[in-house]
Every structure is written in structure tokens, then in C-alpha cells.
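Hi,

Here is the structure I promised to pass on. Have a look at it first, and then read my notes underneath.

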Amino acid sequence: MLSLNAILGLSADRDIGARLHLLDHEGRIEFILLDTVEIALRRLSVTTDRGTQCRIELPRTQRLVDGAVLLLEDKRAIVVKANVGQLDGLQTLVQETVKA
């Protein structure tokens with residue numbers, strides 16, 4: 001199991017984004033898809049979209065967000081992706097609760 005202990009940066013960061021762009025052309029980016037409950041956690045076991053089993057253990061000072069880069073190597077990157085469907089569903093639920 002691959003241990004991921006820190007957020008290295010965000011996919012939107014200029015330098016990281018450039019490296020991710022090159023890796024993307026080679027099909028070397030793996031994504032961790034997280035829902036609203038999981039993205040709030042600092043410690044969890046997950047599997048990337050390519051089947052890599054990972055254990056995320058972040059320090060208290062870091063929080064997972066959409067686009068968080070957890071691994072950035074010459075031949076591979078692992079990036080967090082927020083499950084937008086889950087986020088939209090939560091927003092709808094909150095809006096319906098407020099209306100009631």
C-alpha cells in the first residue's frame with residue numbers, strides 16, 4: 001500500500017500544473033475520487049482510478065481539497081478529485097432543508 005503523507009500542492013499551481021500537463025499526455029495521472037464525507041478526513045484508505053491502493057495520513061495542518069496533489073514523480077502523479085455529483089447532491093439537500 002502506498003503511503004501519502006502530505007499535500008505537495010494543487011493542480012492549479014503554475015509549476016505543478018505544467019508537470020501534470022506533461023504526465024497527462026502520457027496517461028500517467030491517477031485520480032482519487034472522494035465524496036463530501038471522505039474529503040473532510042485526514043486519514044483514510046483509498047484506491048485510485050488505476051487500482052493503486054493508498055493510505056492517506058495528512059498532518060493536522062493540511063486538508064484534502066479538489067485538485068490536491070499527493071504524489072508527483074517523473075513517471076506518475078496522484079491527484080484528488082472531488083465527486084461533484086456528491087457535492088451537488090449535498091448542496092441540493094441543504095437548500096431543501098433551508099426551504100422547509
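Below is what I found, going from the sheet to the helix, then the cores and one loop residue.

Keep in mind throughout that this is a predicted model.

First, the sheet. Four strands make it up, in the order S2-S6-S7-S3, and it is an open sheet with mixed pairing. At the edges sit strand S2 (9-10) and strand S3 (29-34), each of which pairs on one side only. Helix H1, residues 14-25, packs on this sheet and touches S2, S3, S6 and S7. The direction of H1 makes about 65° with that of S6.

S6 is worth following strand by strand. Residues 68-72 form S6 and residues 77-82 form S7, and the two pair antiparallel over 3 bridges. They make a hairpin, with 4 residues between them. If you want to check the register, Leu71 is opposite Ile78 in S7, and Val69 is opposite Val79 in S7. S2 also runs antiparallel to S6, joined to it by 2 bridges; there, Leu10 stands opposite Ala68 of S6. How many residues of S6 are buried? The count is 5 of the 5, so S6 is largely enclosed by the rest of the structure.

Now for H1. I checked its length against what a helix should give: at 1.5 Å a residue, its 12 residues should span 16 Å, and the end C-alpha atoms are 17 Å apart, which agrees. Which residues of H1 are buried? They are Ile16, Leu20 and Leu23. Looking down the axis of H1, the buried residues fall within an arc of 60°, so they line one face of the helix. Those buried residues pack against S2, S3, S6 and S7. Turned away from the buried side is a face with the exposed residues Arg14, Asp15, Leu22 and His25; note that a leucine, Leu22, is among them. After H1 comes Gly27, which has a positive phi, near 65°.

On to the cores. The largest nonpolar core has 17 residues, and the ones touching the most other members are Leu4, Ile32, Leu34, Ile56, Leu64 and Leu70. At least two residues of this core come from each of S3, S4, S5, S6 and S7. Leu64 is a good place to zoom in: leaving aside neighbours within four places in sequence, Leu64 is in contact with Ile7, Leu34, Glu38, Ile39, Leu41, Leu44, Ile56, Leu58, Leu70 and Val80. Apart from the largest core lies another one, of 8 residues, including Ile29, Val69, Ala77 and Val79. Two of these, Val69 and Val79, are the pair standing opposite each other in the hairpin.

Last, a loop residue. Thr48 is in the loop between strand S4 (43-47) and strand S5 (53-57). Is Thr48 buried or exposed? Its relative accessibility is 5%, and buried means under 20%, so Thr48 counts as buried. Not counting residues up to four places away in sequence, Thr48 touches Glu30, Phe31, Ile32, Cys54 and Ile78. Ile32 is also one of the well-connected members of the largest core, and Ile78 is the residue opposite Leu71.

That's the lot from me, over to you.

Notes
Residues are numbered from 1 along each chain as its sequence is written. This is a predicted model: local features need pLDDT of at least 70, side-chain atom pairs count only at pLDDT 80 or more; totals for chains, interfaces and linings use all residues. Side-chain values use heavy atoms; hydrogens and water are left out. Two strands pair if DSSP finds at least two bridges between them. Contact means heavy atoms within 4.5 Å. Axes are lines fitted to C-alpha atoms, for helices over the stretch in contact, and angles run from 0 to 180 degrees between N-to-C directions. Buried means under 20% relative accessible area, exposed over 50%, partly exposed in between (1.4 Å probe, protein chains only). A nonpolar core is a set of buried Ala, Val, Leu, Ile, Met, Phe, Trp, Tyr and Cys residues joined through side-chain atoms within 4.5 Å. The expected span of a helix is 1.5 Å times one less than its number of residues. The arc is that of the directions from the helix axis to the C-beta atoms.
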